[in-house]
Amino acid sequence: MGYNSFMDFSRPDNARTINRLKVLSELRMGACSKAELSRRLDINKVSIGEICSKMTEEGLIESAGKDLSAPGRPGTLLSINSKAGRVFSIEDGGKSFSVAVSDLLGRILRYERLPKGDAFQDQLLRLIEKMSAGDARIYGAAIASETETGISLPFPSVRITHSEAEAEAEVARLGDLESFLFISWSDCIAATIRKREMMIPLPDFPHMKAQKEGNCSCGGQGCLEAAASGRHLLETTGAESYRSLLGNAVYTDAIKRALRPMAAALAEAVQALSASSVIITGRMAMMSDEMYAYLQTMVSSLLPPARSDVTIYRSSAGENGAREGTALKALDTFFYNTELLSRLRAIEKISVPFLI
Ligand SMILES: [Zn+2]
């Protein structure tokens with residue numbers, strides 16, 4: 001039951017599509033020989049040979065030298081031809097959008113900022129044309145924004161929130177991060193948790209009750225967002241920028257006051273969601289090690305002893321996280337189709353007991 005609910009894998013063309021995607025996602029992690037692909041993916045050598053010749057012909061993959069690590073006759077290493085395609089990432093920055101173009105491995109090749117305004121749509125299309133120079137195929141775009149942007153593009157696009165994009169960038173850099181809780185802490189607060197290779201947004205997190213008072217944008221009182229958001233901190237301290245807020249000792253007490261409700265919300269969310277660890281992303285991620293230590297101590301003290309090892313990490317992608325993650329979202333959606341593969345893996349896991 002349910003096995004064929006989204007794609008009939010017994011059909012040869014679908015099976016081929018899946019195997020192509022598996023090869024691409026394996027090569028995305030690094031160059032690999034055909035023999036090694038066959039072993040890792042459990043697909044016979046003849047099929048791997050056919051898939052690889054076809055994709056070499058199409059220009060999607062290319063030879064990357066000889067594999068000298070394996071015993072016997074060295075096989076040829078294959079890798080993604082990163083220049084064969086492009087994706088766009090468009091990031092909503094409030095008063096402007098930043099537009100970036102990336103290769104098939106998610107490396108940002110160029111980026112430019114465009115002010116919002118009446119001429120925006122025309123300027124965007126001209127910029128895309130300029131950035132698309134050459135014959136690389138454009139696979140699609142991801143747009144990082146909390147709201148519908150109304151942007152119209154000549155290729156498919158998908159929307160992602162800033163916090164999801166930041167979380168994607170961490171996963172790309174650090175590995176799977178199963179059950180990690182990501183807190184995007186900038187002007188607003190947003191949370192995402194990663195479960196079974198999927199990013200799950202947690203829209204209630206910024207509106208957890210943190211104190212008695214404080215008007216929140218949601219209409220409620222005393223939400224975490226009202227007590228600890230970056231916007232709240234900038235407004236109440238009068239600091240000119242995040243750099244000044246986080247780099248200036250006079251603001252330490254104000255930040256600590258925001259860390260208390262943050263710690264309470266984190267401790268509650270970690271327990272409710274069985275999160276394994278926490279990564280802070282966004283502008284506030286730049287806060288000092290001393291602030292991280294303060295937050296860690298409070299969260300650990302609020303958690304039951306069995307969970308007190310939950311660690312709070314600083315973002316590893318830093319300020320580029322949202323841009324990197326948006327490009328990855330476009331690649332995942334329109335080139336590597338990672339969602340299809342992870343759904344398939346989930347089904348395979350469930351199906352195994354019935355097959356045996
Ligand atoms: Zn609220």
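# Strands, sheets and helix crossings

Strand β4, residues 85-92, pairs with strand β7, residues 137-144, in the parallel sense over seven bridges. One facing pair shows the match: G85 stands opposite R137 in β7. Keep in mind that this is a predicted model.

Now widen the view. β4 and β7 belong to an open sheet of five strands. Read across, the order is β6-β5-β4-β7-β8. The pairing in this sheet is mixed. Which strands form the edges? They are β6 (108-115) and β8 (157-160), and each of these pairs on one side only. The sheet also twists. From one strand to the next, the twist averages 20°.

Move along the sheet to β5 and β6. These strands run antiparallel, and seven bridges join them. V99 has E112 in β6 as its bridge partner. β5 and β6 form a hairpin, with five residues between them. Look at G106 in the turn: its phi is positive, at about 85°.

A helix lies across this sheet. Helix α11, residues 321-336, lies across β4, β5 (96-102), β6, β7 and β8. Its direction is at about 135° to β4.

Step back to the whole chain. It is divided into domain 1 (1-80), domain 2 (84-160) and domain 3 (165-316). How far apart are the C-alpha centres of domain 1 and domain 3? They lie 40 Å apart.

Next comes another sheet. It is open, with three strands in the order β1-β3-β2. Here the pairing is antiparallel. The edge strands are β1 (32-33) and β2 (61-67), each pairing on one side only. β2 pairs with strand β3, residues 75-80, in the antiparallel sense. Five bridges make up that pairing. Within it, S63 stands opposite L78 in β3.

Now turn to helices that pack against each other. Begin with helix α2, residues 34-41, and helix α3, residues 45-57. Their axes come within 9 Å and cross at roughly 120°. That angle makes α2 oblique to α3. The crossing of α2 past α3 is right-handed. Which residues make the contact? On α2 they are K34, L37 and S38. On α3 they are K45, I48, G49 and C52. By class, this contact of α2 with α3 has three nonpolar, two polar and two charged residues.

Another helix pair sits further along the chain. Helix α9 covers residues 252-273, and helix α10 covers residues 289-302. They pack at an angle of about 40°, with their axes 9 Å apart. The crossing of α9 and α10 is right-handed. From α9, the contact takes in I255, K256, L259, R260, M262, A263, A264, L266 and A267. From α10, it takes in M291, Y294, L295, M298, V299 and L302. How do the residues of the contact of α9 with α10 divide by class? There are 13 nonpolar, no polar and two charged residues.

α9 also meets helix α7, residues 230-237. The axes of α7 and α9 come within 11 Å and cross at roughly 145°. This crossing, too, is right-handed. L233, T236 and T237 of α7 make the contact with A254, I255 and A258 of α9. The contact of α7 with α9 has four nonpolar, two polar and no charged residues. Notice I255 of α9. This residue is part of the contact with α10, and it is part of the contact with α7 as well.

To finish, trace the main pieces again in the structure above. Find the open sheet of five strands, with α11 lying across β4, β5, β6, β7 and β8. Find the open sheet of three strands. Then follow the right-handed crossings: α2 with α3, α9 with α10, and α7 with α9.

Key: Residues numbered from 1 in each chain as written. Predicted model: local features only at pLDDT ≥ 70, side-chain atom pairs only at ≥ 80, totals over all residues. Domains from an automatic or database assignment. Pairing = 2+ DSSP bridges. Helix = DSSP H or I, 4+ residues; strand = E, 2+ residues; numbered from the N terminus. Axes fitted to C-alpha atoms, helices over the stretch in contact; angles between N-to-C directions. Parallel < 35°, antiparallel > 145°, perpendicular 65-115°, else oblique. Left-handed = near helix turned anticlockwise from the far one by under 90°. Contact = placed C-beta atoms within 7 Å. Nonpolar A, V, L, I, M, F, W, Y, C, P; charged D, E, K, R; others polar.
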